[in-house]
Amino acid sequence: PSAGVLFVHVLEREYFKGEFPPYPKSGDASSDPITFNTNLMGYPDRPGWLRYIQRTPHSDGVLYGSPMGEHVGKATVIEITAYNRRTFETARHNLVINIMATEEFPLPYQAEFYIKNMNVEEMLASEVLGDFLGAVKNVWQPERLNAINITSALDRGGRVPLPINNLKEGVYVMVGADVPFSSCLREVESPHNQLRCSQEMEPVISCDKKFRAQFHIDWCKISLVDINKVVPVYVSRPDPGTGILPEFAPYDPPSESLKSRDYFSDFLITLAVPSAVALVLFFILGYTMCCRREGVEKRNMQTPDIQLVHHSSIQKSTKELRSMSKNREISWPLSTLPVFNPVSGEVVPPIHPDNYETTSMPLMQTQT
């Protein structure tokens with residue numbers, strides 16, 4: 001690839017599935033789920049400019065990104081490991097990426113479009129990206145036009161769409177050209193269209209019909225940048241510490257022969273200190289509850305005699321009243337006496353027998 005130009009490499013399942021032995025039960029590896037893992041040789045991850053996406057294990061993976069000028073002349077070796085999720089077989093290949101310099105880097109006029117009806121892997125397809133660049137070339141008319149970068153809307157803070165009505169995530173596509181922006185692209189900067197965008201209405205763009213057939217562009221989110229007019233801002237970066245690896249330095253993980261540490265003393269301190277505190281608290285509580293009790297005899301000795309006599313008389317009176325209440329006899333209420341029927345002459349027996357407990361009997365009873 002060239003610096004400042006979009007790089008796309010497709011990891012095809014058809015290419016890797018032939019290296020996996022057939023599954024004994026099915027005998028066909030064409031439908032096996034295959035996933036990929038990519039990393040820079042000697043490192044656990046990919047370079048910062050290179051990204052990877054694979055939507056499902058039954059779809060192809062895509063490596064894409066835009067290298068910068070500082071990567072020119074440096075061979076980048078990407079290790080690609082394919083995993084068969086059914087048979088647990090693996091296959092590994094190395095992808096060598098040579099980044100070359102371009103005549104004009106970077107292109108001075110850059111425009112970023114937001115396409116609402118596309119996902120990033122759909123936009124990375126060569127035919128779809130070619131159709132979009134062709135539509136941009138018709139409305140811009142540049143001599144040189146290149147795709148610089150493609151970014152999913154989810155990486156810009158977008159929300160995951162609902163799985164209805166074939167909704168898409170959206171994708172940002174940045175293109176660069178060597179001629180100034182056309183009048184059609186400048187229409188979005190007019191006061192009328194800016195007002196419509198502030199009111200969340202679609203602006204009126206004369207060249208929108210050239211994209212509308214295949215690409216739904218949000219013209220309110222278009223970005224037009226002329227890098228010749230951009231004032232560079234230099235930010236001093238702090239000196240990285242010892243924990244930051246230098247760029248393209250060999251990755252040296254920690255050695256396996258690390259010194260073992262004895263945690264027995266730490267274990268004793270952790271266990272002994274709480275146990276000692278708990279034991280002391282137990283003895284204090286036991287002494288307080290058992291050895292410091294006064295008891296009834298000691299309490300009576302410290303109480304005046306007149307108070308003990310008074311308390312004893314109250315207890316005796318209470319017991320006597322309770323015993324008398326159980327043996328009291330009262331007259332039965334009129335509702336419980338025998339009832340004489342004047343028609344039949346029959347005497348209806350009372351509701352309660354003679355031995356009925358009268359202490360809890362109400363004054364009035366419901367007559368049958």
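This dialogue works through several features of a predicted model, from the whole chain to single residues.

Q: What does the secondary structure of the protein chain come to, and how much of the chain is buried?

A: The protein chain of this predicted model has 9 helices and 12 strands. Of its 368 residues, 31% are buried. Taking contacts between residues at least 6 apart in sequence, 68% join residues at least 24 apart.

Q: How should one read a sheet, and what is the order of the strands in the open sheet of 4 strands?

A: Strands of a sheet pair through backbone hydrogen bonds, in either a parallel or an antiparallel manner. Here the order is S8-S9-S7-S10, and the pairing is antiparallel. At the edges stand strand S8 (145–152) and strand S10 (223–226), each of which pairs on one side only. From one strand to the next, the twist averages 20 degrees.

Q: How many bridges join the neighbouring strands, beginning with S8 and S9?

A: S8 and S9 run antiparallel and are joined by 7 bridges; Leu 145 has Ala 177 in S9 as its bridge partner. S7 and S9 also pair in the antiparallel sense, over 7 bridges, and Gln 110 stands opposite Gly 176 in S9. Strand S7 (residues 109–115) is joined to S10 by 4 bridges, again antiparallel. Within S10, Ser 223 is the bridge partner of Glu 112.

Q: Why can S9 be described as largely enclosed by the rest of the structure?

A: In a regular strand, side chains alternate between the two faces of the sheet. In S9, 6 of the 7 residues are buried, so this strand is largely enclosed by the rest of the structure.

Q: Which helix lies across S7, S8 and strand S9?

A: Helix H3 (residues 126–140) lies across these strands, and runs at about 125 degrees to S8.

Q: How should one read a nonpolar core, and which residues have the most contacts inside the largest one?

A: A nonpolar core is a set of buried residues of nonpolar type joined through side-chain atoms within 4.5 Å. The largest in this model has 40 residues, and those with the most contacts inside it are Phe 113, Met 123, Phe 132, Trp 140, Val 175 and Trp 219. Elements giving two or more residues to this core include strand S4 (61–65), helix H2 (120–123) and helix H4 (183–186). H3 gives the most, with 8 residues. Domain 1 (7–99) and domain 2 (109–229) both contribute residues, so this core lies between them.

Q: What is Phe 113 in contact with, leaving aside its neighbours within four places in sequence?

A: Its contacts include Phe 132, Val 136, Val 175, Leu 185, Ile 217 and Trp 219.

Q: Which residues are among those of another core, of 20 residues?

A: Among them are Phe 36, Leu 63, Ala 82 and Ile 99, and this core lies apart from the largest one.

Q: How is burial judged for a single residue: is Asp 226 buried or exposed?

A: The cut-off for a buried residue is under 20% relative accessible area. Asp 226 has a relative accessible area of 14%, and is therefore buried. Asp 226 is placed in strand S10. Beyond its neighbours within four places in sequence, Asp 226 is in contact with Pro 108, Tyr 109 and Phe 181.

Q: Which residues does UniProt list for "transmembrane region"?

A: The unreviewed UniProt entry lists residues 267–290. In the model this span is 100% helix and 0% strand, and its end C-alpha atoms lie 34 Å apart.

Definitions and conventions: Residues numbered from 1 in each chain as written. Predicted model: local features only at pLDDT ≥ 70, side-chain atom pairs only at ≥ 80, totals over all residues. Heavy atoms only, no water. UniProt positions renumbered as here; feature names shortened; annotations may be inferred. Pairing = 2+ DSSP bridges. Axes fitted to C-alpha atoms, helices over the stretch in contact; angles between N-to-C directions. Contact = heavy atoms within 4.5 Å. Buried < 20%, exposed > 50% of the residue type's maximum accessible area, 1.4 Å probe, protein only. Domains from an automatic or database assignment.
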